[in-house]
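Visitor: Pick one part and take me in for a really close look, please. I'd like to start with any empty space shut up inside, and then see where that leads.

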Amino acid sequence: MKAIGFKQSLPINEEESFIAFETEIPKPEGRDLLIKVQANSVNPVDYKIRQNAAKDQILDSPKIIGWDAVGIVDAVGERVSLFNVGDAVFYAGDLTRSGSNAEYQLVDERIVGRSPRNLSIAEAAAIPLTGLTAYETIFDRFKYNPTTDKAKTLLILAGAGGVGSIAIQLAKKLTDLTVIATASRKETVDWCKQMGADIVVNHYELKDELAAKGIEQVDFIFDCVDLKSYWETAAELIKPQGHIVSITGSSDPLNLNLLKNKSVTFSWELMYTRSMYETPDMQRQHDILNHLAELLEEGTIQSTLTTTFNGFTVANLKEAHKLQESGKSIGKNVILF
């Protein structure tokens, strides 16, 4: 099968930042599905791993990355019970395993969902990673409760990104929260409004713009952009007994003492936790993806696809990575095989 990978962490403009090669089609065992990949999408995690996985070494064999894909089940392991050969599926994969930048991929059935029937292949490929991340944040980290959280406020930092785009939709359609998103360009402001945000504020003037709208503090903050830069601001803006969730990490230790007097909860969200550690509730991702498929089929939420690259080629993969690295990407970028 054809695959695209890298043996060294190089700037994306360099010729061998990605290389195409041939490798054996893997064989499914246990609960694995062998999936023939039809499309995948590129996320910040892709370029971050490409930039860091082989910084000071040259790998013996190319590393295949890529997390987010749509495909058809081609073969199944002996313990598979959730899917059959021929099923159309979508998934975000597992950081510890070979990725979706290949014609075939092995994925544990417990982190795979059925692909939404009403979406194109590209539209479906835009959903899994960001959909899982946003869904887990709202319902597994914030633990949204329709009774006690009614009419509370949620601030999403970077509303026009891949995760922010689907988080706005899920929060608006599945909760009673007032959704505030940050954006700074006209096109990103318009996108956040299209996704359903109640209020959009400029992240460069965050506190002042919130204050101008009569909002001094919020109940929930979801950081999708840069926790280190926003930490002190988030600590100021969060209400007593509020909750902050971040997906971005921090290169420096965080001063949790800033949250102490308010008894604020802080959580990380990494949608790969369940698959990396094979947690007892690992199959929840299968259930979430199936719920997302239902929501898409009903028209409750929409795909966040904005850019499609036609063809599984090194050139297209490089262009998709360049777009992600630019920080100007809106919604999701997909490569059709």
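Guide: Let's settle one word before we go in: on a 1 Å grid over the protein atoms alone, a cavity is a set of points where a 1.4 Å probe fits but cannot get out, and its lining residues have an atom within 4 Å of a point. What you see is a predicted model, so local features need pLDDT of at least 70 and side-chain atom pairs pLDDT 80 or more, while totals for chains, interfaces and linings use all residues. Residues are numbered from 1 along each chain as its sequence is written, and side-chain values use heavy atoms, without hydrogens or water.

So, how many cavities of 30 Å³ or more does the structure hold? Just one, and the volume of this largest cavity is about 30 Å³, counted as the space filled by probe spheres set on the points. To find the walls, go to Gly 93, Asp 94, Arg 97 and Ser 98, then carry on to Gln 105, Leu 106, Val 107 and Asp 108. Those eight names line the largest cavity.

From there, let's step out to the open spaces. A pocket is an open set of points with protein on both sides within 12 Å along at least five of seven lines. The largest pocket has a volume of about 1,200 Å³. It is lined by 43 residues, and Pro 44, Lys 48, Cys 224, Val 225 and Thr 248 are the closest to its centre. Helices 1 (44–52), 3 (128–141), 4 (162–174) and 7 (227–237) each give two or more residues to that lining; helices here are DSSP runs of H or I, at least four residues, numbered from the N terminus. Helix 1 supplies the largest share, with four residues.

The second largest pocket comes to about 170 Å³. It has 13 lining residues, and if you head for its centre you'll find Ala 88, Arg 114, Ser 115, Pro 116 and Arg 117 nearest.

Now back to helix 3, one of the helices in the lining of the largest pocket. Of its 14 residues, 12 are buried (under 20% relative accessible area, with a 1.4 Å probe and protein chains only). That's why helix 3 is largely enclosed by the rest of the structure. Click along helix 3 and you'll meet a buried run from Pro 128 through Leu 129, Thr 130, Gly 131, Leu 132, Thr 133, Ala 134, Tyr 135, Glu 136 and Thr 137 to Ile 138, and Asp 140 is buried too. After helix 3 comes Lys 143, with a positive phi near 55°.

One last stop: Cys 224, which we met among the residues closest to the centre of the largest pocket. Is Cys 224 buried or exposed? Its relative accessibility is 17%, so Cys 224 counts as buried. What about disulfides, meaning pairs of cysteine sulfur atoms within 2.5 Å? The count is zero. Cys 192 is in no disulfide, and the nearest cysteine sulfur to it belongs to Cys 224, 10 Å away. Seen from the other end, the closest cysteine sulfur to that of Cys 224 is in Cys 192, and 10 Å is too far for a bond. Cys 192 has 0% relative accessibility, so Cys 192 counts as buried as well.

Conventions: A disulfide is a pair of cysteine sulfur atoms within 2.5 Å. Buried means under 20% relative accessible area, exposed over 50%, partly exposed in between (1.4 Å probe, protein chains only).
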